[in-house]
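The report below goes through one structure, taking up its cysteines, its sheet and its contacts with RNA in turn. The sequence and the coordinates come first, so that each statement can be checked against them.

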Amino acid sequence: MLDIKRIRENFDEVAEGLRRRGADVALAERARDLDQQRRALVTQTDELKTLRNSRSKEIGALKKSGQDTTAVQADVRAIGDQITALDSQLRGVEETLETAMLSIPNVPCKTIPTGPDASANRVAKVEGVAPIYAFKPLDHIALGEKLGIFDLPRGVKITGSGFPLLLGAGSKLQRALVQYMLDLHTEQHGYTEMLPPFVVNTASMRGTGQLPKMAEDMYHCEIDDFWLIPTAEVPVTNYFRDEIIDRPLPVYLTAYTPCFRREAGSAGKETRGILRVHQFDKVEMVKFVEPETSYAELETLVVNAEDVLKGLGLHYRILELCSGDISFSAAKCYDIELWAPGQQGWLEVSSCSNFEDFQARRLNCRYRDATGKTRLVHTLNGSGVALPRLMIALLEQFQQADGSVLLPEALRPYMRGVERLVPAQ
RNA sequence: GGAGGGGUGUCUGAGUGGUUUAAAGAACCGGUCUUGAAAACCGGCGAGCCGCAAGGUUCCGGGGGUUCGAAUCCCUCCCCCUCCGCCA
């Protein structure tokens, strides 16, 4: 959510930002008008409430001295009726304003490239080179079948399409990757590990911005009104919802969780294998920082995610997303993509964003600055990283002529000495 | 799931319809005193909104109601505690 004061006082700057991302400026105009109405109504009701409070006290004093109060009571009742009428009018205005505010996306950072869609993204960095093979590289589905590490048909039987089932060395590898990433972030990057609930309430989903817009894309337990998390960002960022953070900033948190996404409307598109699934594992990083430092923190967040891939010796690239391609809540975002030789394409495994105070405002998450004044924090998050596509790139990049997959050294301790995955006979 | 007891500011905790403008204590911050500290004493000390300001207003778990007036009474939901039941 944007600051209404920013819309009120710097409307042109906000409008310019919204245009850059291709968003509708009309909503911001509407918000500006509703805000004006709201303030007029607040002033009016506050004055009436002052009057009611003082007249009500008179009644108390009169009663104490045994005098008649019917006339004053009638007066106060009339004031009360006015207040009720104005209050309900005010509530209507506030609700409409709130709805408008929740639908206005963040203003993009001034420095990011301007463009309508992914075609305007800027390649910020390429690390390593694509491996060259003396044979035709297989894709992860063929490799997985040979190695016997997936059993997707049985996943379909047990649940449905998009619910992958890993088996034997596959599930062990997944577990090893999770351990490797969590250890890296906690031991080298200063994050505190958290194992949060995988199911959250509606207030949490609203806090990080999944609701109201993404309801169709999530799994909902109707009886309890609980939601399955689509990313660890939700429970981890909501850790400090409605709080004034009582510890020194920055705070770095990391968590492994499964993620559940209905992916409504995406059936048939990129759904082969484990490229796009309804349930997958991910390690996420979340930062709560002082506003002045958030852009520097974004750079180190990206480095933290990169280190995961660098440590595994993978070929990847980093994109700086343009104004038309960043997500609703983000002011600036980097994507990290891994090279997948089997399908000759790049796979997005991480998205690192600075939300500035956009999330903090709807989360009501604040801190005390050096002078003791409460201010909204800046929040950031980044995947560190998503498992299925990491698994795909790992299998495809490290495949050998004999059909085996050589595991990077960093993983071997977590694989209890296993150095390569070999085809089942 | 059933029965009972609770939810008040950073914490403890008073308050059962009108000087509550939410007592008091603790913690914390500043000051006096002191060589320094402690103690003692003095002062300060929640958040949001409106307002240039003075100031006003809202918030006692959430929502709704009764009343001239609600922390206080009623309804409802959530959470915590104790006991019972069920259960990995």
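## Cysteines

Cys221 is partly exposed, with a relative accessible area of 28%. In this predicted model, Cys221 takes part in no disulfide, and the cysteine sulfur nearest to its own, that of Cys259, is 16 Å away. Cys259 is likewise in no disulfide, its nearest cysteine sulfur being that of Cys352 at 15 Å. In contrast to the partly exposed Cys221, Cys259 is buried, with a relative accessible area of 0%. Because a disulfide requires two cysteine sulfur atoms within 2.5 Å, the distances of 16 Å for Cys221 and 15 Å for Cys259 rule out such a bond for either residue, and the count of disulfides comes to zero.

## The sheet

Eight strands make up an open sheet of mixed pairing, and their order is E1-E9-E10-E11-E14-E8-E7-E2. At its edges stand strand E1 (122–127) and strand E2 (192–194), each of which has a single partner strand, so that one side of each is left without a neighbour in the sheet. From one strand to the next, the twist averages 25°.

Three of the pairings can be set side by side, each with one pair of bridge partners or opposite residues.

| Strand pair | Sense | Bridges | Residue pair |
|---|---|---|---|
| E1 and E9 (residues 316–320) | antiparallel | five | Glu127 and Tyr316 |
| E7 (residues 251–260) and E8 | antiparallel | ten | Phe260 and Gln279 |
| E8 and E14 (residues 378–386) | antiparallel | seven | Phe288 and Thr379 |

Strand E8 (residues 279–289) appears in two of these rows, pairing with E7 and with E14. Ten of the eleven residues of E8 are buried, so this strand is largely enclosed by the rest of the structure.

The loop between E7 and E8 contains His278, which is buried, with a relative accessible area of 18%. The side chain of His278 reaches the backbone oxygen of Arg262 at a distance of 3.2 Å.

## The surface near the RNA

What surrounds RNA strand B, and which residues are the closest? The strand is surrounded by 19 residues, of which Arg38, Arg39, Val76, Arg77 and Arg366 are the closest. Of the atoms of RNA strand B that come within 4 Å of the protein, sugar and phosphate account for 75%.

Several polar side-chain atoms can be placed with respect to the backbone of the RNA. A polar side-chain atom of Arg366 lies 2.7 Å from a sugar or linking oxygen of RNA strand B, and one of Arg38 lies 2.8 Å from a sugar or linking oxygen of that strand. For Asn53, the partner is a phosphate oxygen of RNA strand B, which lies 3.4 Å from a polar atom of the Asn53 side chain. Helix H3 (26–64), helix H4 (70–103) and strand E12 (365–368) are the elements that give two or more residues to the surface near RNA strand B. Among these, H3 gives the most, with twelve residues.

Sorted by class, the residues of the surface near RNA strand B comprise ten that are charged, six that are polar and three that are nonpolar.

Definitions and conventions:
Residues are numbered from 1 along each chain as its sequence is written. Chains are lettered from A and ligands numbered from 1 in the order in which they are written. This is a predicted model: local features need pLDDT of at least 70, side-chain atom pairs count only at pLDDT 80 or more; totals for chains, interfaces and linings use all residues. Side-chain values use heavy atoms; hydrogens and water are left out. A residue is near a molecule or strand if one of its heavy atoms lies within 4 Å of it. A polar contact is a pair of N or O atoms within 3.5 Å; within protein, one must be able to donate a hydrogen and the other to accept it, and residues adjacent in sequence count only if both atoms are side-chain atoms. Helices (H or I, at least four residues) and strands (E, at least two) are DSSP runs, numbered from the N terminus. Ala, Val, Leu, Ile, Met, Phe, Trp, Tyr, Cys and Pro count as nonpolar, Asp, Glu, Lys and Arg as charged, and the others, Gly among them, as polar. Buried means under 20% relative accessible area, exposed over 50%, partly exposed in between (1.4 Å probe, protein chains only). Two strands pair if DSSP finds at least two bridges between them. Axes are lines fitted to C-alpha atoms, for helices over the stretch in contact, and angles run from 0 to 180 degrees between N-to-C directions.
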